[in-house]
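Thanks for making the time this morning. I would like to walk you through one structure, beginning with a single residue and working outwards from there.

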Amino acid sequence: MNWFGYALSAVFVFSFYDILSRHLGKNSKNPQAFSVMFNLLSSFVALIFFIFLPSKFEAKTFWLIVIGVVGLVIWGLFGRIEYEAHKRVQASILTIFTRLAYVVTFILAVVFLHEGVTFKKVTALVLILVANFLVASKLKKKDLKGVIYAILLSFVLGFGWFIDKFVSSKWGISFYILLSFLSPAIVSFLLPPLNLKTLRNEIKNSTSLIFILPVINVGGYYLLLKAFSLGEGSRVILVIAFTQILTILLGVFILNEREHFYRKILAGAISVIALILLKT
């Protein structure tokens, strides 16, 4: 399968992950305990991936090792924040706010990779901000705390994507995936320290769907990294961007998140236009 096949497959997998994680996350009694449980299960699934699809560690330079370690720390923080956001923010709203991650990636590329700033890129950034404003302007006061988590999640995600493209293939895709899920399990357990009673209560509160979620997420992440390894990052991300529209529609029709329906659809469409401009 070529890069497009992997990327398109990742779109469908990630969309169902967004919907299912929102469903499970909002019913969680303790997002921190849920994150530990989810990422430990994901690590087990990733270990199976590594056993059957082994990869070779080829990061032979000091900086590739350091950057990879930084990436694992970032994914650790992402795992700690992710289910706090899922519990507080609708899936259809969260998926729009996470588009701010592209702004973060853009700024990092300009600053550290010295990529040029063009009219198309500036226009795309403005469109992304407009899309987020369309959603944020209708939020109720009780949703503001959740929005803070959504924005923080976006910044961490942007850093994570920036690093993934550089180090995942050098660290070995399946090996890097294993560490990327083990890291948030450890961080979530320790920040702040979680007692075992709380973790046991969260396990009792969970349904059998918790065993499906890690398989979906690890599979989607593998498809994304495979697409990155076979195709240009800009082309891959352009395809992955359509996850947003699919998630919004699934959130509306499956989770019945119909508030401000037309604003959500318009914001999603604007964001995709912005991503097309960013990647052309």
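**A walk outwards from one residue**

If we leave aside residues up to four places away in sequence, Asp164 touches Trp75, Tyr176, Tyr221 and Leu225. Before I go further, please keep in mind that this is a predicted model, and that what I say about it is computed from that model.

Asp164 itself is found in helix H7, which covers residues 144-171. Is this aspartate buried or exposed? Its relative accessible area is 0%, so Asp164 is buried, the cut-off for that word being under 20%. One of the residues it touches deserves a second mention, since the side chain of Asp164 makes a polar contact with the side chain of Trp75, at 3.1 Å.

Let me now step back to the whole chain. The secondary structure comes to 13 helices and zero strands, and of the 280 residues in the chain, 53% are buried. If you take the contacts between residues at least 6 apart in sequence, 91% of them join residues at least 24 apart. One pair of residues that are distant in sequence is Ile237 and Ala7, which lie 230 residues apart along the chain, while their C-alpha atoms are separated by 8.1 Å. Ile237 is found in helix H11, residues 233-240, and with a relative accessibility of 10% it counts as buried.

Next, the aromatic residues. A search of the whole structure finds eleven aromatic pairs. One of them is formed by Phe62 and Trp63, whose ring centres are 5.5 Å apart and whose planes stand at 70°, so this pair is edge-to-face. Phe62 counts as exposed, at 59% relative accessibility, and Trp63 is exposed too, with a relative accessible area of 58%.

Another of the pairs is Trp171 with Tyr176, where the ring centres are 6.2 Å apart and the planes are at 75°, so that this pair is edge-to-face as well. Here, however, Trp171 counts as buried at 6% relative accessibility, and Tyr176 counts as buried at 0%. You will remember Tyr176 as one of the residues that Asp164 touches. Both rings also belong to a cluster, in which ring pairs link Phe50, Phe57, Trp171, Phe175 and Tyr176.

Turning to the outside, what is the accessible surface of the chain, and how much of it belongs to carbon and sulfur atoms? The surface comes to about 13400 Å², and 73% of it belongs to those two kinds of atom. There is also a nonpolar surface patch of about 620 Å², made by Phe44, Leu47, Ile48, Ile51, Phe52 and Leu53. To take one of these residues, Ile51 lies in helix H2, residues 31-52, and at 54% relative accessibility it counts as exposed.

I will finish with a point about the backbone. As a general matter, most peptide bonds are trans. The bond that joins Leu191 and Pro192, by contrast, is a cis peptide bond, with an omega of about -15°. If you want to find it on the screen, Pro192 is in the loop between helix H8, residues 173-190, and helix H9, residues 196-205.

That is the tour, and I am happy to go back to any part of it.

Conventions. Residues numbered from 1 in each chain as written. Predicted model: local features only at pLDDT ≥ 70, side-chain atom pairs only at ≥ 80, totals over all residues. Heavy atoms only, no water. Helix = DSSP H or I, 4+ residues; strand = E, 2+ residues; numbered from the N terminus. Buried < 20%, exposed > 50% of the residue type's maximum accessible area, 1.4 Å probe, protein only. Polar contact = N/O pair within 3.5 Å; in protein donor to acceptor, adjacent residues only side chain to side chain. Contact = heavy atoms within 4.5 Å. Areas by Shrake-Rupley, 256 points an atom, 1.4 Å probe, with all protein chains shown as cover. Phe/Tyr/Trp six-rings, centres within 6.5 Å; stacked < 30°, edge-to-face > 60°. Patch = residues over 30% accessible without salt bridge, like charges linked within 9 Å, V, L, I, M, F, W, Y side chains within 5 Å. Salt bridge = Lys/Arg side-chain N within 4 Å of Asp/Glu carboxyl O.
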